[in-house]
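Grab your viewer and work through these exercises at your own pace. Each one comes with a worked solution.

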Amino acid sequence: MAAESIPLGSTIIEDPCKYLHITLNPDGTLTRSPNAFPTTSPDISSKDVPINPANSTWARIFLPKPPPLHPNKLPLLLYFHGGGFILGSPDLAMFHEFCSNVAAELPVLLVSAGYRLAPEHRLPAAYDDGMEALRWVKTVQDDWLRDHADFSNCFIMGSSAGGNMAYHVGLRAAQETDDLSPLKIKGLILHQPFFGGVQRTQSELIQVNDPFFPPCVSDLMWELCLPVGTDRDHTYCNPTAGKDSFSVLEEMGRLGWRVLVTGCDGDQMIDRQMELVKMMEKKGIKVEGRFGAGGFHGLEFVDSSKAKSLKLVLQNFILSEST
C-alpha cells in the first residue's frame, strides 16, 4: 500500500522515495516515517502479543465485543498488511482500522501478524515470518485464541504485499498440513495482491501516471525487496513466470482450498491478478476473481462504502466455507 490517502488530482509522481516518505541510506537501510496512532473501534478488543522477539515480530489480535459464548467459536483469520514489503506494521492506523472493522462486522477472530521489512530483510524473510506466525497461532498459549478461535476454520488473508504473502505462505502451508494440525486452512483471500514482472502489462502501461500507485513506485519496492541479483520475473514477484510452484498449486487443489482474489481495473496490477486467477483455474483450484470497475490500489482503506462492499464479499466467502 503506497499511502493512506492521496487526494484526487495529485501530480505525476517523479520521486517514489519522496512519495513514500522514505530515505534510502548509504548503508542500504531505509529511514521511514513513524506510524500514525490508531483509534479503537468500540465494537472490538485488541491486544499485542510477541511472536519472535529475536526478529522483533509480533501480532495484534482482534476480538469482537462481546466475545462469543463457548462453544460458539469464531473463524480464525490470519492477516498480513501491505506496504510493498518495505513499509507498514499491524499498528499502522489504516491496517488497524481495517482489521478492527473486519473482525467486528464479519465476525472473526483476526490475527494481524507483522513481519520483517526489506531492504534490511529481503524476501523470503517475510514469507518465513508468515509461516512462523501460522505455526505460532497453533502453539501460543493465548486465552483469546484458545477460548474463541475455531482452529478447524482458518483463513489466510493479506492486502497488497500482504496478498502476495498470503499466496506464498499458502503455498508453503499446503505442503505442511499435517504439521499445522489442529489448524485446518479453508481458503486464501488475496486483496489487491502485489505482483509484477519484467514486461509491462497493458494495465501497467495504462496506469503509468496513476497518482495513487504507479509502476514507478512498485518498481522501487521490488528493487528493494527481491533477493539481490534477481529481476521481477522471480517467482516471488511473478508467480506465472516459473513452474516451481505448479505442483504445490495442484496439491492446494486436492486439499479443496478455495481462493478469493479481489481487485479493480483502476489498479495497475489488475492484469497480474487476473493472470493469477487463470493460472490457478488451470491447476484445479477453486478460485474466484472479484474485479470491480474504476477505483485504485488501496481503495477500501479510504472509501467506507467500498470497504463495506468488500466486507460483504469476505463474509460470504468465509461463511460459505464455514458451513
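**Exercise 1.** Which residues does UniProt list for "domain: Alpha/beta hydrolase fold-3"? Then describe that stretch.

*Solution.* Keep in mind that you're looking at a predicted model. Start with the record: the unreviewed UniProt entry gives residues 77–299 for this domain. Next, check the make-up of that range: 41% of residues 77–299 is helix and 18% is strand. Finally, take the C-alpha atoms at the two ends of the range, which sit 21 Å apart.

**Exercise 2.** Work out the strand order of the eight-stranded open sheet, and find which strands stand at its edges.

*Solution.* Walk across the sheet and you'll read E3-E4-E6-E5-E7-E8-E9-E10, with mixed pairing. Now look at the ends of that order: E3 (44–52) and E10 (286–292) have a single partner strand each, so one side of each has no neighbour in the sheet. Going from one strand to the next, the twist averages 20 degrees.

Zoom in on one pairing. Strands E5 (residues 74–80) and E6 (residues 109–113) run parallel and are joined by four bridges. For a concrete example, pick Leu78, whose bridge partner in E6 is Val111.

Then add the helices. H3 (residues 125–139) packs on the sheet and touches E3, E4, E5, E6, E7 and E8. The direction of H3 makes about 115 degrees with that of E3. H10 (residues 270–282) also packs on the sheet, where the strands it touches are E8, E9 and E10. Against E10, the direction of H10 comes out at about 160 degrees.

**Exercise 3.** Describe how helices H5 and H9 pack, and say which residues meet.

*Solution.* Two numbers are needed here, because a packed helix pair is described by the angle between the axes and the distance between them. For H5 (residues 161–174) and H9 (residues 246–255), the angle is about 75 degrees and the axes are 9 Å apart. That angle makes H5 roughly perpendicular to H9.

Now list the contacts. H5 brings Tyr167, Gly170, Leu171 and Ala174, while H9 brings Val248, Leu249, Glu251, Met252 and Leu255. Sort them by class and you get seven nonpolar residues, one polar and one charged.

**Exercise 4.** How many aromatic pairs does a search of the whole structure find? Pick out Phe85 and Phe194 and say what their pair ties together.

*Solution.* The search turns up 13 aromatic pairs. Phe85 and Phe194 form one that is tilted, with 6.3 Å from centre to centre and 50 degrees between the planes. To place them, find Phe85 in the loop between E5 and H2 (93–105), and Phe194 in the loop between E8 and H7 (202–206). The pair therefore ties together parts that are 109 residues apart in sequence.

**Exercise 5.** Where do the backbone features at Pro66, Pro182 and His21 lie?

*Solution.* Take the prolines, then the histidine.

- The Lys65 to Pro66 peptide bond is cis, with omega near -10 degrees; Pro66 is in the loop between E4 and E5.
- Ser181 and Pro182 are joined by a cis peptide bond with omega about 15 degrees; Pro182 is in the loop between H6 (177–180) and E8.
- His21 isn't a glycine, yet its phi is positive, near 60 degrees; His21 is in the loop between H1 (16–20) and E1 (22–24).

Key. Residues numbered from 1 in each chain as written. Predicted model: local features only at pLDDT ≥ 70, side-chain atom pairs only at ≥ 80, totals over all residues. Heavy atoms only, no water. Pairing = 2+ DSSP bridges. Axes fitted to C-alpha atoms, helices over the stretch in contact; angles between N-to-C directions. Contact = heavy atoms within 4.5 Å. Parallel < 35°, antiparallel > 145°, perpendicular 65-115°, else oblique. Nonpolar A, V, L, I, M, F, W, Y, C, P; charged D, E, K, R; others polar. UniProt positions renumbered as here; feature names shortened; annotations may be inferred. Phe/Tyr/Trp six-rings, centres within 6.5 Å; stacked < 30°, edge-to-face > 60°.
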